[in-house]
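Hi,

Here is the structure I said I would pass on. Have a look at it first, and then read my notes underneath.

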Amino acid sequence: MPFGRKPNEFPSHLWTQCPNCNEMLFNKQLARNLNVCTKCEHHFRLGARERIELLVDKGSFHEHDATLTSGDPLGFTDSKPYPERIAAAQAKSGEKDAIITGEATLGENPVILAVMDFEFMGGSMGAVVGEKITRAAERALAERRALVIVSASGGARMQEGTIALMQMAKILGALARLDQARLPYVSVITDPTTGGVLASFASLGDIIVAEPGALIRFSGERVTSGTVGEKLPTGFGKAEFLLERGFIDQIVPRPHLRERLAFFLTAFRAASQDLRWSL
Amino acid sequence: MSMLDRLTGTKRTVDGNGHLPVDANLITEPAQLASRASPWEAVQAARNIQRPHTLEVIGRVFDRFHELHGDRGFRDDPAIVGGIADLDGRPVVVVGEQKGASTEENIARNFGMPHPEGYRKAMRLYRLAEKFHLPLITFVDTPGAYPGPEGEERGQAEAIAQSILLMARLQTPIVVVILGEGGSGGALALGVGDVVLALQNAIYSVISPEGCAAILWRSPAEAERAAKAMRLSGPDLLELGVVDALIPEPAGGAHTDHEATATAIRTALAAQLAKLERVPAADLMSARYERFRAFGASAEPGTAASPPPPPESWFGRLVKRMTS
């Protein structure tokens, strides 16, 4: 720690403490390093807009369905009505819901990109996330582009009940068509991805990559611990654990993510020239 | 009117309530119910240990049934059962989640909570149905997929995802019947069909009412309120379109008369299979896609064609956050 100061002496708008190595990081430098700790390479979460900027060829991204916003299919109220929660999340984030979709090129490969944002209601999947991903898959099919989905989500959105659950079947119906048309779908799993998002599209890519240290599990920590009544070993349910168990292809550090995706997409395109999924 | 109804001519908008006599025993509008159980009563009824469970229903509904075991990879999961059965001389593949009728049996069946190998066994049987053009009938009855570490280790999420994907693309008719509890993704892994039916007092939800209460109300004791808000009971599911029709239960509930319940299920299944058999495979696949594609409930103000704002760089946003 520089100058021997205590963490609370660092103004939080200027400095961030790494939860892994406790290093105090200058925010500007952290951002320049793609939100990866400069000392221990801990991957901080990345917002959807930043993620898109990181992945696509400069200036190639055009957003789709930017105005889609959630209804209230159940008329759901807990301590607050659901529409108020949505409005608050929208005001806080400046986004309409927990996902941004659009078209872009990635290493000159034409793609449809869908990127989730954990900051918006825990990245939860309701009808808007389901609709935007389904439209993304349908567009990829119609325009013969590859589909790349970056997930970061606590799972299905409780406030939309079974309608949220049905999004899993809706999205996978569209992914099945993409698969039958032999169009590539790459799943990028980031911290954290759990529940209904992991139990649907995130687990199904032709290629599945994850970021280092990402929490990736079906059930929440408390649920799992509750069923066995003991503490789980450290690293249980992290990306490295899933790699070892054979559920993901690779762990890719953030600075390499773009070139790695480009490599796979280019390879698939080269082998599929006759299928013309290129532009 | 759904695409499937159009294809099969089951509903006609012009004549009366539009239902053919084959559907007459089913409840397709909440108004057809004499009384509406409270959501919490439905939760209790759906979980009643004396309610008929999958193997018993199979035994009463079908003329013959031979169980098929194992996922061919790891083990035979007792929380999912399946096999080949015979309904009025028509062979079908049946797969269902199995709860126990006693504490002992429930422990053996893991309370109807499947492990990944259970879903992989189910998928093996789905493929069998497709390969030999046999209709697939699934019975849903689970509090949810097993959330323990063994499940995580063996890919619970992957197994459920693959199972949903396979059902979405399976080229054979599928009828889903929710018998008791439809617990989230663990239920949906058996829940993608051309027709989705539920027993009158069955429930279907994205999370258990207790789980929802613990997260949103910060107290599992609020489960009753959560159950109401979640709209998980039969009439709610009809209104939301999550199930196509309810199968009526005997007056005191399914647990009071297993035989009458099974007869109602049998009548419903026979009618649905007769209907689905007339639909060409390609049309069936389109109708199934459209059925699930329709769950939108999102509004779109303004025009979709409005030019998107130029994306702001993460660096720019960070600088803005720092200086604000």
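Below is what I found, going from the chain-to-chain contact down to single residues. One thing to keep in mind throughout is that this is a predicted model.

**Where the chains meet**

The contact between the two chains involves 62 residues of chain A and 56 residues of chain B. On the chain A side, H5(A) supplies the largest share, with 14 residues. Other elements that give at least two residues each include helix H1 (27-32), helix H2 (48-55), strand E3 (62-64) and helix H7 (221-228) of chain A. Sorted by class, that side of chain A has 31 nonpolar, 21 polar and 10 charged residues.

**The core**

The largest nonpolar core has 163 residues. Which element gives the most to this core? That is H5(A) again, with 12 residues. The residues with the most contacts inside the core are Leu147(A), Val148(A), Leu175(A), Ile164(B) and Leu197(B). If you want one to click on, try Leu175(A): setting aside neighbours within four places in sequence, Leu175(A) is in contact with Ala137(A), Tyr185(A), Phe201(A) and Leu204(A), and also with Leu165(B) from the other chain.

**Domains of chain A**

The domain assignment splits chain A into domain 1 (1-44) and domain 2 (46-275). Their centres, taken over C-alpha atoms, are 27 Å apart. The contact between them takes 6 residues from domain 1 of chain A and 9 residues from domain 2 of chain A. On the domain 1 side there are 2 nonpolar, 3 polar and 1 charged residues.

While you are in chain A, look at Ala210(A), which sits in strand E9 (residues 207-210). Ala210(A) counts as buried because it has 27 C-beta neighbours inside 10 Å. Leaving out residues up to four places away in sequence, Ala210(A) touches Ile189(A), Ile216(A), Ala239(A), Leu242(A), Ile248(A) and Ile251(A). For a sense of distance, the C-alpha atoms of Ala210(A) and Leu141(A) are separated by 25 Å, with their positions 69 residues apart along the chain.

**Chain B**

Chain B has 14 helices and 9 strands, and 52% of its 324 residues count as buried. Taking contacts in chain B between residues at least 6 apart in sequence, 71% join residues at least 24 apart.

Helix H13 (residues 281-293) of chain B is worth a look. Its 13 residues should span 18 Å at 1.5 Å a residue, and the end C-alpha atoms are indeed 18 Å apart, so the two agree. Buried in H13(B) are Leu284(B), Ala287(B), Arg288(B), Arg291(B), Phe292(B) and Arg293(B). What do the buried residues of H13(B) pack against? In chain A, helix H4 (127-143) and helix H5 (161-180); in chain B, helix H1 (3-8), helix H7 (156-169) and helix H12 (258-277).

Last one: is Ala189(B) buried or exposed? Ala189(B) lies in the loop between helix H8 (184-188) and strand E6 (195-199) of chain B, yet it counts as buried because 32 C-beta neighbours fall inside 10 Å. Apart from neighbours within four places in sequence, Ala189(B) is in contact with Tyr119(B), Ala122(B), Ile160(B), Ser163(B) and Ile164(B). Ile164(B) is also among the core residues with the most contacts.

Cheers

How values were computed:
Residues numbered from 1 in each chain as written. Chains lettered and ligands numbered in written order. Predicted model: local features only at pLDDT ≥ 70, side-chain atom pairs only at ≥ 80, totals over all residues. Domains from an automatic or database assignment. Contact = placed C-beta atoms within 7 Å. Nonpolar A, V, L, I, M, F, W, Y, C, P; charged D, E, K, R; others polar. Helix = DSSP H or I, 4+ residues; strand = E, 2+ residues; numbered from the N terminus. Expected span 1.5 Å × (residues − 1). Buried ≥ 20, exposed ≤ 12 C-beta atoms within 10 Å, placed from the backbone. Core = buried A, V, L, I, M, F, W, Y, C linked by C-beta atoms within 7 Å.
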